[in-house]
Structure formats: C-alpha cells, structure tokens
Amino acid sequence: MANPQSPILLAPILLTNARVIDPASGLDAPGSVLIENGRITAAGPSAHNQGAPEGTEMIDVAGAVVAPGLVDMGVTVGEPGAEHRETLASASQAAAAGGVTTIVTSPDTDPVIDDPALVDFVLRRARDTACVNVHPFAALTKGLSGEEMSEIGLLQEAGAVAFSNGHRSVTHAGIMRRLMTYARDFGALVVHHTEDPALAGGGVVNESLSASWKGLPASPREAEIIMVERDLRLAALTRGRYHAQSVSCTESTRAIARAKADGLDVTCGITVNHLTLNENDIGPYRTFFKMSPPLRSEDERQAMIAALADGTIDVIVSGHDPQDVETKRHPFAEAADGAIGLETLLAAGLRLVHSGEIGLAPLLAAMTCNPARRLGLDAGRLAAGSPADVVVFDLDRPWVLDKTRLKSRSKNTPFEDARFTGQVLHTLVAGKIVTP
Amino acid sequence: MSAHHPPLAELYPHRHLLGIEGLQPNEIVALLDQAEAAVEISRQVEKKKAVLRGRTQINLFFEASTRTQSSFEIAGKRLGADVMNMSVASSSVKKGETLIDTAATLNAMHPDIIVVRHHAAGAVHLLAQKVGCSVVNAGDGAHEHPTQALLDALTIRRHKGSIAGLTVAICGDILHSRVARSNIILLNALGARVRVVAPSTLLPNGIAQMGVEVFQDMRKGLAGADIVMMLRLQRERMQGAYIPSVREYFRYYGLDRDKLAAAAADALVMHPGPMNRGVEIDPEIADGPQSLIREQVEMGVAVRMAVLEALAAHLPNK
C-alpha cells in the first residue's frame, strides 16, 4: 500500500550478521533475514545457510537487532484539516525514522473520519504520499460527539480497522452500550479513550500534591478508573470487543486483568510517555508534557511497567499528537494536550530495557505483534510470507535527540535533548528501505 | 359456521382480548375460522350482520393510528355496532386526566366494547380492570398487538394452508415491536419455526429464550424462509441511537431482491404498515408479486370482526 513502486521490481535483500528477534514466535537468535518480492522468506539462524538468490543485496548489520517494524495504533495526524501540524506524508516519514512501519490514525481530524468517503480519502492519500502502512480508525460516533453511532458496517467495509472516539470519551453509558452491542455484530473493535470529563473537571495534570502547589486544576485517577470499570462492565454485558486506548493507573490495569480472567474480549494500551515519564517531568509548567491522561506519579509509572510485564497491558503506542506553537505556547492550563512520539517510541521504550525494568522481547511484542493481532493486521511478525516490514536498530548506540532534525512537522516532543541508548539504523516497508 | 360446530362463546371463552399470550391454540384457530367467514361477508354487496346491533363500541386511541382505528371502526359497523372514535392523544391527557379517570368516565357511558391503543405496555390490562365492559387490545406499547398477529396468521394460512411447519423470519426492530411479540407467541402456538433478524441493538434482552432463532445476518436469517415479515423502523430510532443511518440499515437489514433471494422461492413478504419504503423494504419488493401487504389490510377487518363477534357472545343480555 505504501509503495507506489511495485516491490516486485526490488532486488532481494539479505540482512546478515543480525540479532533476529520475532516476538510473535519467540525467536531471539543470531541470524539473517531474507526478503524477496517485498515479503520475508526466511528469518533467523536458518536464513544463514539457505544461500541468497542471484542479485541479492547483502546488508551486514554488524550485530544490530532486526525485528518486525513497529505497529503504532496511537497516532494523530493533521490530514485532513491541520496539514500545517502534520500530513500523512510527514507522519509517515517520522514513523520511518522511528522504526514504525504501520501507523493507525485517529479519526480526530477536520473533518472527523465518520463517513466511508473520508476513510477512502485517508487510504488514497496514504497510498499516494506515505512511506509506511497507514490504517485509519473511523469515528465511533458521528463528529465524535458521543451521541449518535457512526456507520460501523459501511466504515468497516471502506477499510476502517477499528472504531475510536479520538481523544474524547463517550460519556453516556447507554450510548456506549449500544455502540458496543452494534459493533459486536460486525466483529468490530471499539477503542476508547478513558477519561470521564465531568470527573476530570477540566483538570490538566494528575491530582496530587505537586498539582496543588502549582495551582493547576487537576484530574483524579478516578476519572480514568471509573470510565475503564464502566466500559468493562459494558463489555461483559454486551460481549463486545473492547480496547482501552491509553491507561495510566494501577486500578485501571487491575480491572482489566480481572476482566481478562473472566474471559472478556478486552485489551488495553499505554503510551510510552506514561511508561517513561512522570508528573515531576512537567517541571516549570512545560506544556509539551501536558497530555490526556495526564502523566501520573512515579508509583503509578512503575505499576504500569509491572502491568506491561505481566501481560495485562497489551500494547504500547506513541500517542503521537502533533501540536504547534499556536496550540502549545500558552499558559499550561490553556495549552493543548498532546506530544509527538513516532520518532522516539522505540528509543524511549528501550530505556526500560536498559534499566532492566522489562525484557526486550516483551517490549517489542507490545509494539509489534500484539497491536497487529488485536487489529487483525498482517504485520508485526517475521514469519515467512509476512510483509517485509522490518526495523534494524543498534541496541546500544547512544544518541541525543536534536529537535531540529525531527521529521514531524510539529516539534512538541517531551524528549527534547534527551539522551537515548538504542538507535534505528534502517526501516524497511514491504522490502524497501524507507529511512533516509 | 356449520351447525355442528360448538357456539363461538365456547370456542373463545374469554371476555377480553388483551393479548395472544394466554390463548390456547384451538382458541386462536377458532378466531381464524370465524375470520374466514367474515372475509366472505366483507366481499359481499350486503356487508352487514346484526350481532352487535344496539351495542356501543368505543375506539379509545391514546396513540394515533389511522389504519388500525379505521379497521376496528369498519369491523364494528359491519357487525351493527354504534362505533365512537375517541382520540385521547390530544385532549384529556393534556388536561391532566389519568388513564383511570378516562376509564371511569367512559365506563359511566355504558359501552359494551372498548378497543384500546396506548403507548405504554400494560395500560390496556390496567384499563380492563377498571371498566365493566369487554376490552380489546389494539396495541399497548412494545407489549402486544394481538389482532395484528391474528390477521398475519390468517393471511399466511390462506396462502400456505397451514401455519405448522412454516419457517417465519421476523425482521427489524424487534426491541420496540408489539407486533413481533404477539407474532412470536402466536406462530409458536400454531407450530411455526420462528426466526428474528435484527442488529443486536434492536433485539430485547433474552431474545434467544423467547422461542426464536436469532440472526444478525439477514441472508442467513432468511435462508429457506417461507414467510418474511418486515417491521417498521420508527423514524426517531434511525439517526444514530439504535442504528447509525438509514443507508446503513437498508444495506444490512432492508429487504431487497438480493436478500429475499435467500428465502424460499415461494416466500411471501409481509409488513404491518405503515411502510418506510427504502428503509426497511425496497419499494420493488413491497409492490412485487411476493408481497401480501395489501391483503393484510383486508384480513385486518375480517379478524377484527371475528374478535368483536367472539366477545359479543359474552356480553350480558339483560
């Protein structure tokens, strides 16, 4: 989809001298990855001995990791409607720079993606301008109003991979019940942002002592927990398929763990920000750290890592949300939520690996095969026959984030001048190198 | 009726018709048999009988319904009753009178039969407890609409010979439909296999335990069906509350030629009316050769005559 040029014209590629990691199959071994006609034909130790076909381009990755390209199901773009913040093209370049080969886009655009013709628009623009795979979420409710259900059947036929209400929660429980019921008939996944706006009460940071000292309106964790618990009750009532897009609280993950144990078809995700930052990083009212849900306490951050490690949290997203100076250069409470993250998703995640908080394979699973499986995408694996969407990264290479070199049109990163260990060397989409 | 049959009062031993629930299969059949005779009368030049001569029938409609009200009015008049229509939707209720007040007022006028349509389930039962005359349920909320189920059964029986063994698919807004509930009970009582086809948002809780097979996929639900019974979708439910839009509803649940092809080749199509053409049914099908929709209207008068006559047999004679 992403390549205007047919992958069949590309020469085979052999990535050699690699540490091949495929979380879907549990593979983590020295070896090679052979790519032909845009698909993976062999991966791992076995690919060493197969002998590459005539004309194969050999790339010696010198011990770097070769893994499935990342699947990021938490990406907001500005196209249509706010192309000055991000286009599908610029988002895809940011993704490629970060090792992300599939992005799933929020319907939160202008106009909102709530009509089959708009799903078609996104898919066509992506086909013509993007260098990674793009799959749209469609709006769960018309105009994201939370009031009228959108055309879930027709939108799904048009190519929507799941249904989300963007950054807004559906507050009316009766409407949410009918949405989950109706979506179930179509086998459609409901992806939900879980923050009760009434309880959040206009809060812009986590409710805590530091918020009180700062004098900022604060949102209690219960604004998320109650919404998650409500949704899980509704999932039990309707037997619908449900995914909480971005959790941040211990009690949310406990509720999800219980629901999973009860056999419900529910999953949840988290942004890499909530795994690697906490409320103290906001410092002196730095608006690039303003997001929804808000950054929580250090205790909560550590609990989130534990929930990721034990499998309660299924998916890590970047939460990529481009904002420019006109929406961010305001007093903290008046600034927009959101941070970009496509280019730092992997590097930020690797912080947890280097600090020993989580293994490399489970981290990668939450960024590759888990989201792909949840969305039914043929992605996130190195199995023979899979699309050759691959990231090659040096696990130990140190680097410093230079904001001016970001591909994203918006520069609202919370990792400005951050030091990372682990850098993307190459990103391949359908067998084609898309990194600059 | 031939002479050796027992009198109608024995065949239908009830003073009211409040629902199909509670009727025995033979009682349903007796009403259908009686309705067959009423069809003949209605097709004659002289359409009058005298069984209700001197009797007063009040059609008490708390909810507007041109079709059902006129059907009951014609039925009563053909049996010789004095029929009075009362549309309460716009009068006493607005002045604050309760259902019970209205019942007491009407009762003081000594009617013999009251035909009631009300927007609230159970209202007709309540009213029947408060008046001294016979009561016919002409539809109460999403509960029952017994004469509709009877007229549907009569229409089916006249075309298929029998109800037993038929596969009947009821499609559409089951959740809010009194027609569906009455039909599910009646068709099961007479031995049909009943299916319902609807998006889950338009199905009541526990539908699978209501004596039906449940389908969300219309082609599967119609596969091999002998009768396809469409239900009306109320306008206020179309725009995002229970279904996303008219076009999506029609795409997945509207009866068109393509979906009807899944049913038996000689399948017949019914609709209680009034229809939303292009919402739940393609005009081509509504007006096509498999449609019984016009005939249902004719059978409606006959069935209501039969019901009124059966109740007349229990009215006091002094």
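This report describes two pockets, one buried histidine and several backbone features of a predicted model.

**The two pockets**

Rolling a probe the size of a water molecule over the atoms shows where empty space is left. The largest pocket found in this way has a volume of about 850 Å³. Its lining is made up of 50 residues, and those that lie nearest its centre are H167(A), H193(A), S292(A), D321(A) and D337(A). Four elements of chain A give two or more residues to this lining: the strands β6 (70-75) and β7 (100-105), and the helices α6 (197-200) and α10 (272-276). The largest share comes from β6(A), which supplies three residues. Sorted by class, the lining of the largest pocket holds 17 nonpolar, 24 polar and nine charged residues.

The second largest pocket has a volume of about 600 Å³. It is lined by 24 residues, and R117(B), R178(B), R232(B), Q234(B) and G273(B) are the ones that lie nearest its centre. Two helices of chain B, α3 (66-78) and α7 (178-189), give two or more residues to the lining of the second largest pocket. Of these elements, α3(B) provides the largest share, namely three residues. The lining of the second largest pocket divides into six nonpolar, 11 polar and seven charged residues.

**A buried histidine**

H320(A) is placed in the loop of chain A that runs between β15 (315-317) and α12 (325-328). Is H320(A) buried or exposed? Its relative accessibility is 1%, and a residue counts as buried under 20%, so H320(A) is buried.

The side chain of H320(A) takes part in two listed approaches to other residues. With the side chain of E86(A) it makes a polar contact at 2.7 Å. The side chain of H320(A) also reaches the backbone nitrogen of G341(A), at 2.9 Å. E86(A) and G341(A) both belong to a longer list of residues in contact with H320(A), from which neighbours within four places in sequence are left aside. That list also includes G74(A), V75(A) and T76(A), together with A339(A), I340(A), L342(A) and S408(A).

**Features of the backbone**

The backbone of the model contains cis peptide bonds and residues with positive phi. The table sets out two examples of each.

| Feature | Residues | Angle |
|---|---|---|
| Cis peptide bond | E79(A) and P80(A) | omega about 5 degrees |
| Cis peptide bond | G273(B) to P274(B) | omega near -10 degrees |
| Positive phi | R239(A) | phi near 60 degrees |
| Positive phi | D417(A) | phi near 60 degrees |

Where in the chain does P80(A) lie? P80(A) is found in the loop between β6 and α2 (88-97) of chain A. The strand β6(A) has already appeared as the source of the largest share of the lining of the largest pocket. In chain B, P274(B) is situated in the loop between β9 (268-270) and α11 (283-286). Its partner in the cis bond, G273(B), is one of the residues that lie nearest the centre of the second largest pocket.

Both residues with positive phi are other than glycine. R239(A) has its place in the loop between α8 (222-238) and β13 (241-244) of chain A. D417(A) belongs to the loop between β16 (390-400) and β17 (419-429) of chain A. The relative accessibility of D417(A) is 53%, and the cut-off for an exposed residue is over 50%, so D417(A) counts as exposed. In this respect H320(A), which is buried, stands in contrast to D417(A), which is exposed.

Note on methods
Residues are numbered from 1 along each chain as its sequence is written. Chains are lettered from A and ligands numbered from 1 in the order in which they are written. This is a predicted model: local features need pLDDT of at least 70, side-chain atom pairs count only at pLDDT 80 or more; totals for chains, interfaces and linings use all residues. Side-chain values use heavy atoms; hydrogens and water are left out. Buried means under 20% relative accessible area, exposed over 50%, partly exposed in between (1.4 Å probe, protein chains only). A polar contact is a pair of N or O atoms within 3.5 Å; within protein, one must be able to donate a hydrogen and the other to accept it, and residues adjacent in sequence count only if both atoms are side-chain atoms. Contact means heavy atoms within 4.5 Å. On a 1 Å grid over the protein atoms alone, a cavity is a set of points where a 1.4 Å probe fits but cannot get out, and a pocket is an open set with protein on both sides within 12 Å along at least five of seven lines; lining residues have an atom within 4 Å of a point. Grid points are joined across faces, edges and corners, and a volume is the space filled by probe spheres set on the points. Ala, Val, Leu, Ile, Met, Phe, Trp, Tyr, Cys and Pro count as nonpolar, Asp, Glu, Lys and Arg as charged, and the others, Gly among them, as polar.
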